[in-house]
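Student: Please take me through one part of this structure closely, a strand and its surroundings. I would like one connected account.

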Amino acid sequence: MSAAYPHAVSGARARTRVIVADDHPLFREAVVRAIRERPDFELVGEAADGREALELIREARPDVAVLDVKMPELDGLRVLAAVRRDGLPTRVMLLSAFLDGPTAFDAVAGGAAAFLSKDADRGSITDAVAAVGRGETVLGPEVQAGLAGEIRARTPTDRPALSAREQEILAHIAEGRSAPEIAKLLYLSPATVKSHLSALYEKLGVSDRAAAVGEGMRRGLLE
């Protein structure tokens, strides 16, 4: 059964509000414990299947939902699709014990903000939650390997005419860098980077970073 927790009163600095959903109680409890130990996180609920997870997301509107890919009722990818379809503000982080290329590709193309192996240590998982809460994209090394193979196996289609700078910025956001970080690396102003991002989104027909990375992969624009 799902469990929602009352909203805690935060201090001066807002905490990242998180839910956790996994049908394996021991793994879910381990992730919940790791979330609770971080003072910058607020656990607002947990669920044992995908349908309960989606209900919690709609009710609690967490910043980050940490979801197992394989769950009863609705799997993590279907919950992700519903979140995107309904325009919910929650960013979805997926965990899986099975990191095959097609699943990794579908997750990223579907707008997942992060995808990690369930074998990742707790520090890597909580650091990824924090990064996702800041608006970054995180892919575990095993996921990246699976994606690379899947991208090579798919025939690239309708490549848009990205400028060299837009291509460079796309590569940086695929690596999870923020606009200020990209600006510093490329010796550009943050406003210039944001202008390139806007042009990039328009050419790819997307509205956010995760979707841009997914569309870039689908079109063969990322190695």
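Tutor: Two strands are taken to pair if DSSP finds at least two bridges between them. The model is predicted, and the account below is built around strand β5. Strand β4, residues 64–68, meets that criterion with β5: the two run in the parallel sense and share five bridges. One residue pair places the register, with Ala65 having Val92 of β5 as its bridge partner. β5 itself spans residues 91–96, and five of its six residues are buried, so the strand is mostly covered.

On the β6 side, β5 pairs with residues 114–117, again in the parallel sense, over four bridges. Here Leu94 stands opposite Phe115 of β6. The connection from β5 to β6 runs through helix α4, residues 101–109, and this β-α-β crossover is right-handed. The connection into β5 is of the β-α-β kind too: β4, helix α3 and β5 form a right-handed unit.

Helix α3 covers residues 76–85. Its buried residues are Gly76, Val79, Leu80, Ala82 and Val83. Viewed down the helix axis, the buried residues of α3 lie within an arc of 165°, and therefore they line one face of the helix. That buried set packs against β4 and β5, and also against α4 and helix α2, residues 50–60. The face of α3 turned away from the buried side carries Arg78 and Arg85, both exposed.

Both ends of this helix have a local feature. At the start of α3, a side-chain oxygen of Asp75 comes to within 3.1 Å of the backbone nitrogen of Leu77. Just after α3, Gly87 adopts a positive phi of about 65°.

A loop residue also touches β5. Thr137 sits in the loop between α5, residues 122–133, and β7, residues 138–139. Buried means under 20% relative accessible area; Thr137 has a relative accessibility of 6% and therefore counts as buried. Setting aside neighbours within four places in sequence, Thr137 contacts Arg91 and Ala113, together with Ile173, Glu175, Gly176 and Ala210. Of these contacts, Arg91 belongs to β5, which spans residues 91–96.

In summary, β5 pairs in the parallel sense with β4 and with β6, and the buried residues of α3 pack against β5 among other elements.

Notes. Residues are numbered from 1 along each chain as its sequence is written. This is a predicted model: local features need pLDDT of at least 70, side-chain atom pairs count only at pLDDT 80 or more; totals for chains, interfaces and linings use all residues. Side-chain values use heavy atoms; hydrogens and water are left out. Buried means under 20% relative accessible area, exposed over 50%, partly exposed in between (1.4 Å probe, protein chains only). A crossover is right-handed if, with the strands pointing away from the viewer, the path from the first strand over the helix to the second runs clockwise. The arc is that of the directions from the helix axis to the C-beta atoms. Contact means heavy atoms within 4.5 Å. A polar contact is a pair of N or O atoms within 3.5 Å; within protein, one must be able to donate a hydrogen and the other to accept it, and residues adjacent in sequence count only if both atoms are side-chain atoms.
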